[in-house]
Amino acid sequence: DILSGIKSWLNNQLAIRVFCDNIYIVFKKRKEKYIMLFSIIVKVIVTLYALLMVFASIKEFNSKDRLGNTVNIISGIAIFLSNFLENEYFKIISIIGLLVFIVTAIINGLQNHAFHIKHHIARFIITIIFIILIIYI
C-alpha cells in the first residue's frame with residue numbers, strides 16, 4: 001500500500017514535470033519567434049534609414065562636400081550588405097555606419113555654415129535609439 005502510494009506520487013510528479021517541460025518548450029519557441037521577428041524589424045528599419053542616407057548623399061553628391069557624401073554612400077551600402085552576414089557583423093557594421101552618418105552630418109553642417117543644433121540633436125537621439133535596438137538583437 002505504501003509502495004503503491006509512492007509509485008502514484010512519483011507518477012504524478014513525472015506527469016507534472018512533463019507538463020511543465022512542454023509548457024517551457026512552447027514558451028521558448030514563442031520567445032525565439034518573437035526575438036527573430038524583433039531582429040528582422042530592427043534590421044529593416046536600420047537598413048531603410050541607411051538607404052535613405054544613401055539616396056540623400058547621392059542627391060547632394062555635386063555639393064562641396066563630396067568626401068562626406070562618398071563616406072555616407074559607402075557606409076549605407078555597407079549597412080545594407082551587412083544584412084547578409086552573421087548577426088554580430090551586422091551589429092558592428094551598423095553601429096559604425098550610424099556613427100559615421102552623425103559625424104559626416106555635423107562636419108557638413110559646420111563646413112556649409114548651416115549647422116542647426118535641433119536637427120543634429122534629433123539625429124543623435126534617433127541614432128542612439130537605433131544603436132540600443134541593434135545591441136539587443
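This note walks through a predicted model of one chain, point by point.

1. Overall build. The secondary structure of this predicted chain comes to 4 helices and 0 strands, and reading along the sequence gives the pattern α-α-α-α. Of the 137 residues in the chain, 26% count as buried. When contacts with a separation of 6 or more are considered, 63% of them join residues 24 or more positions apart.

2. The surface as a whole. The chain exposes about 10,000 Å², and carbon and sulfur atoms supply 73% of that area.

3. A nonpolar patch. On the surface there is a nonpolar patch with about 1,200 Å² of accessible area together, and its members include Phe 38, Leu 110, Phe 115, Ile 121, Phe 124, Ile 129 and Tyr 136. Which helix gives the largest share of the nonpolar patch? That share, 8 residues, comes from helix H4, which covers residues 117–135. Ile 129, one of the patch residues, has its place in helix H4, and Ile 129 counts as partly exposed because its relative accessible area is 45%, which falls between the limits of 20% and 50%.

4. Aromatic pairs, beginning with Tyr 49 and Phe 101. A search of the whole structure finds 3 aromatic pairs. Tyr 49 and Phe 101 form one that is edge-to-face, with 6.2 Å centre to centre and 70° between the planes. Why does this pair tie together parts that are 52 residues apart in sequence? The reason is that Tyr 49 lies in helix H1 (residues 2–59) whereas Phe 101 lies in helix H3 (residues 87–111). Both partners fall under the 20% limit for buried residues, since Tyr 49 has a relative accessibility of 14% and Phe 101 has a relative accessible area of 1%.

5. The pair of Phe 80 and Phe 84. Phe 80 and Phe 84 also form an aromatic pair that is edge-to-face, here with 5.8 Å centre to centre and 80° between the planes. Is Phe 84 buried or exposed? Phe 84 is exposed, because its relative accessible area is 64%, while Phe 80 counts as partly exposed at 32% relative accessibility.

6. An aromatic cluster. Tyr 49 and Phe 101, already met as a pair, join with Phe 130 to form one aromatic cluster. A student who wishes to find this cluster in the structure may begin from helix H1, where Tyr 49 lies, and then look to Phe 101 in helix H3.

7. Asn 69 and its surroundings. Asn 69 has its place in helix H2, which covers residues 66–82, and Asn 69 is buried because its relative accessible area is 8%, under the limit of 20%. The side chain of Asn 69 reaches the backbone oxygen of Glu 60 at 2.8 Å. When residues up to four places away in sequence are not counted, Asn 69 touches Ser 57, Glu 60, Phe 61 and Ser 63, so that Glu 60 appears both as the partner at 2.8 Å and in this set of touching residues.8. Ser 82 in helix H2. Ser 82 is found in helix H2, and it counts as buried because its relative accessibility is 0%. Leaving out residues up to four places away in sequence, Ser 82 touches Tyr 89, Phe 90, Ile 93 and Ser 94.

9. Tyr 89, one of the contacts of Ser 82. Tyr 89 is found in helix H3, and at 47% relative accessibility Tyr 89 counts as partly exposed. Tyr 89 and Ile 79 are 10 residues apart in sequence, and the distance between them in space is 9.7 Å, C-alpha to C-alpha.

10. The salt bridge. How many salt bridges does the count come to? The count comes to 1 salt bridge, in which the side chains of Lys 91 and Glu 88 meet at 3.8 Å, N to O. Because Lys 91 and Glu 88 are 3 residues apart in helix H3, about one helical turn separates them. Lys 91 counts as buried at 14% relative accessibility, whereas Glu 88 is partly exposed, with a relative accessible area of 49%.

Methods. Residues are numbered from 1 along each chain as its sequence is written. Side-chain values use heavy atoms; hydrogens and water are left out. Helices (H or I, at least four residues) and strands (E, at least two) are DSSP runs, numbered from the N terminus. Buried means under 20% relative accessible area, exposed over 50%, partly exposed in between (1.4 Å probe, protein chains only). A polar contact is a pair of N or O atoms within 3.5 Å; within protein, one must be able to donate a hydrogen and the other to accept it, and residues adjacent in sequence count only if both atoms are side-chain atoms. Contact means heavy atoms within 4.5 Å. Patches are made of residues with over 30% relative accessible area and no salt bridge: like charges are joined within 9 Å, nonpolar side chains (Val, Leu, Ile, Met, Phe, Trp, Tyr) within 5 Å. Accessible areas come from the Shrake-Rupley method with a 1.4 Å probe; for residues, only the protein chains shown count as cover. A salt bridge is a side-chain nitrogen of Lys or Arg within 4 Å of a carboxyl oxygen of Asp or Glu. Rings of Phe, Tyr and Trp (its six-membered ring) pair if their centres lie within 6.5 Å; planes under 30 degrees apart count as stacked, over 60 as edge-to-face and the rest as tilted.
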